[in-house]
Amino acid sequence: MTVNNPVELYQSRSASRALVPVTPPAAAAPADRLDLRAFLTTLRRRLKLVIAVALAVFALVMLYTLRKQPIYSAAAQVALNTTIERVAPTGSDRSDPGAVPNDTVAETETQVLSSREMAAKVDDALKLERDPAFNPLLDDRPGLRARVARALGLSGAESGPPTAAEHREAVLDRLQGGLTVTRIGTSLAFAILFSTEQPDLAARIANEYARRYTLGQLDSKQRLNRETRIFLARRLDELRAQANADNERVQRYRVASNLLSTSGASLTEQEISAYNQAVSEARAQAVEDKARLDTARAQLRGGSTGDDVGEALGSGVVSALRSRQADAAAQLANLRARYGPRHPDVLKAQSELGEIDGTIEAEIKRVISNLDAKARVSRERLGSIAGSLAGARGTLAQNNRAMVTLDDLQRRAEASQALYESYLNRYKETSAQEGAERPDARILSLAEVPDEPSSPNVPLHALIGAVLGGGLGILAALVAEGMFQGLTTGEEVEGRLRVRYLTGIPLLASVAKAAPAPIAAVVQMPQSGFAEAFRTLRTALPYAVPGHVQVIAITSALPQEGKTTLSICLARVAAMAGEKVLLVDFDLRRRGTSVALGGSRSDGPGLAEVLRGEATPDEAIGVDEASGAHVLLVPRAVADGGDLVQAEGVDRLIDALKARYGLILFDAPPVLPIAYGRLVAAKADAALLVVRWLRTADHAVRAALRLLPPNHVRLAGIVLTQIDMRKQQRFGHGDAASYYDQYKEYYA
């Protein structure tokens with residue numbers, strides 16, 4: 001079925017042919033492995049850029065180095081004392097000025113050496129403000145900034161001469177700017193390095209820094225001890241008076257508040273302690289006496305005659321009466337037995353026994369009464385002692401309230417006394433140390449006048465310039481390579497475009513020193529490498545796509561890619577090999593093949609007339625005399641080329657030509673600027689996309705591939721043209737052209 005609508009032709013997906021065969025890209029290096037060969041190839045390819053950038057950077061660094069003012073550096077060395085030299089006894093290490101210095105002290109001394117105060121001492125000693133070589137304000141010549149401002153008319157009102165303070169500040173700034181104090185390793189020694197334009201001045205300043213530092217430490221110690229002693233003496237008088245006043249206030253308050261004490265405890269507390277013990281004893285006695293009384297009364301209420309009461313049992317009187325009672329009772333019993341109940345002796349005995357019983361009863365009552373009295377006495381004694389205890393406790397509570405103020409007064413007195421004693425001890429130590437001060441640092445070595453400048457370091461700067469230049473050159477090469485969008489090898493074609501790479505066509509000048517035009521070279525130099533490239537392409541085309549390949553459309557993404565030259569040379573090579581070939585110029589606007597083969601004459605029919613039906617193919621087809629290939633040219637430019645290609649006459653022409661020729665080549669227009677170039681590619685059995693080596697960007701090729709009708713174009717692959725075989729080895733090893741030097745003898 002013929003499709004006349006170009007939109008349907010581009011968008012149709014019904015075709016069953018696989019139209020864009022793709023080969024898998026060449027295996028790349030693993031992502032975690034550096035491809036050193038590719039890196040070196042890139043550097044080799046961009047060698048001129050690397051060398052140019054490296055030389056430019058090196059020249060700039062050396063120019064800066066040679067124009068820089070030479071600077072001389074001199075170094076003196078000082079060290080902190082690491083031994084304790086005690087001339088007078090001191091207190092704790094915390095306040096001991098002779099304590100061994102540590103890392104913190106060393107860092108502090110570094111800052112002291114670099115301080116503005118130390119710079120001022122050096123200036124006072126050397127009078128650098130009067131030295132024109134050191135004081136920049138003594139130079140009347142204006143600086144670069146002032147000269148530029150004056151030339152541009154931007155300078156303000158003329159200021160007066162610098163003041164003494166400005167001279168001083170300028171010198172101090174330069175002293176601090178030229179000084180470098182470094183700690184030597186992890187030791188307690190320091191290197192005092194000073195740099196300036198005059199070597200002798202550098203040595204003098206470094207040595208003066210060392211001397212001012214060591215002498216300044218001794219002066220500081222003496223001044224500090226003197227000021228400390230004066231301060232402590234004045235402060236001691238104040239603290240002594242304060243401590244005495246606080247102690248006197250404590251004693252007055254004790255007397256006024258009745259807080260007298262012995263053995264560490266107040267009198268009230270001792271009294272309460274005695275009362276507590278007495279109350280405990282009285283309470284126990286009262287409880288015991290009451291228990292005895294209650295027991296005796298309970299026995300009497302229970303019908304006892306009182307003879308079993310504990311106190312009665314323990315009474316000697318009752319015991320004696322019990323013995324008489326027993327004797328009387330025995331005598332009465334004997335008398336009754338002997339004389340009867342009415343005998344006078346019996347009655348007398350009964351009377352005596354009754355008197356004894358009455359006496360016992362009276363004695364028991366007296367015992368019970370005594371228990372009652374004893375219990376009352378115990379209760380009264382307990383109450384009296386408890387009352388005295390309550391009074392003492394009230395007094396103690398009052399004393400405790402007064403103790404709050406007393407404690408505060410005592411703490412103040414103790415603090416005043418402790419502070420006074422600490423100041424007194426410190427005063428004694430300071431007085432003992434006066435006159436025995438020693439500096440904490442000593443000079444290890446003085447600076448010598450340098451013979452060679454320390455800056456600029458020409459060898460070092462040269463090395464830096466070379467390394468920096470090389471690094472920037474490599475970076476520039478990598479940036480240029482990263483921005484490069486051209487295609488150079490078959491590996492790049494298949495890796496970046498994922499389209500089959502067929503072969504590469506060399507630039508004729510790179511394989512032959514003196515050669516005719518490319519289309520003539522394939523005829524005149526058939527054994528050259530240039531002609532062999534087209535034979536390689538002719539061999540690869542039948543196997544590029546499945547099925548029979550008879551009609552091949554040769555197109556490109558942009559003009560000037562070399563497709564016309566490739567079409568003519570391929571047709572000539574095939575014709576010289578005995579194949580019946582027809583080359584059709586389908587570029588109806590530019591007519592590249594027609595112009596190259598002399599078809600610019602306006603007479604005679606051509607492809608346009610055949611497509612319009614105004615002429616037959618036999619009338620329009622000519623012969624290339626150099627090779628014998630047949631050509632169907634375009635003698636005159638055609639304005640309606642797109643309409644002619646879309647007409648059904650193209651299909652009829654192709655069918656007619658297939659019956660007569662074994663190979664038909666279409667020189668089609670570029671895909672991006674000419675729309676019908678895509679239609680020409682769709683009508684062929686296979687399409688060949690020509691890409692100019694190194695010049696055509698890969699995104700342009702991708703754009704062309706996207707515009708080719710995906711289900712109507714059988715893309716055989718891509719051919720790189722105009723390859724400079726002398727430079728190809730710089731672009732890797734992606735195709736056979738990279739090894740041209742190894743097999744070029746075959747074309748000799």
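Helices and strands here are DSSP runs, numbered from the N terminus; a helix has at least four residues and a strand at least two. The model is predicted.

**Exercise 1. Place E561 and describe its surroundings.**

Task: Find which loop holds E561, state whether E561 is buried or exposed, and list what E561 is in contact with beyond its sequence neighbours.

Solution:
- Step 1. Locate the residue. E561 sits in the loop that runs between β8 (551-556) and α18 (563-576).
- Step 2. Check the accessibility. E561 has 2% relative accessibility. Buried means under 20%, so E561 counts as buried.
- Step 3. Leave aside neighbours within four places in sequence. E561 is then in contact with S556, V690, V691, R692, T696, T721 and Q722.
- Step 4. Look at the side chains. Those of E561 and T696 are joined by a polar contact of 2.5 Å.
- Step 5. Compare sequence and space. E561 and L720 are 159 residues apart in sequence, yet their C-alpha atoms are 8.9 Å apart.

**Exercise 2. Describe how α17 and α18 pack.**

Task: Give the angle between α17 and α18 and the distance between their axes, then name the residues that meet.

Solution:
- Step 1. Take the geometry. Helix α17 (residues 529-540) packs on α18 at about 80 degrees, and the axes are 9 Å apart.
- Step 2. Classify the angle. Angles of 65 to 115 degrees count as roughly perpendicular, so α17 is roughly perpendicular to α18.
- Step 3. Name the residues. From α17 come F530, A531, F534, R535, L537 and R538; they meet L566, C569, L570, V573 and A574 of α18.

**Exercise 3. Examine S416.**

Task: State which helix holds S416 and whether S416 is buried or exposed.

Solution:
- Step 1. S416 belongs to helix α12 (residues 344-433).
- Step 2. Its relative accessible area is 12%. The cut-off for buried is under 20%, so S416 is buried.
- Step 3. Beyond neighbours within four places in sequence, S416 is in contact with Q242, A243 and D246.

**Exercise 4. Check the span of α13.**

Task: Compare the reach of α13 with the expected value, and name its buried residues.

Solution:
- Step 1. Helix α13 (residues 458-483) has 26 residues.
- Step 2. From first C-alpha to last, α13 reaches 36 Å, close to the 38 Å expected at 1.5 Å a residue.
- Step 3. The buried residues in α13 include H461, G465, G469, G473, A477 and E481.

**Exercise 5. Summarise the chain.**

Task: How many helices and strands does the protein chain have, and what share of its residues counts as buried?

Solution:
- Step 1. The protein chain has 26 helices and 14 strands.
- Step 2. Of its 748 residues, 40% count as buried.
- Step 3. The chain exposes about 40,600 Å², with 54% supplied by carbon and sulfur atoms.

Notes
Residues are numbered from 1 along each chain as its sequence is written. This is a predicted model: local features need pLDDT of at least 70, side-chain atom pairs count only at pLDDT 80 or more; totals for chains, interfaces and linings use all residues. Side-chain values use heavy atoms; hydrogens and water are left out. The expected span of a helix is 1.5 Å times one less than its number of residues. Buried means under 20% relative accessible area, exposed over 50%, partly exposed in between (1.4 Å probe, protein chains only). Contact means heavy atoms within 4.5 Å. A polar contact is a pair of N or O atoms within 3.5 Å; within protein, one must be able to donate a hydrogen and the other to accept it, and residues adjacent in sequence count only if both atoms are side-chain atoms. Accessible areas come from the Shrake-Rupley method with a 1.4 Å probe; for residues, only the protein chains shown count as cover. Axes are lines fitted to C-alpha atoms, for helices over the stretch in contact, and angles run from 0 to 180 degrees between N-to-C directions. Angles under 35 degrees count as roughly parallel, over 145 as roughly antiparallel, 65 to 115 as roughly perpendicular and the rest as oblique.
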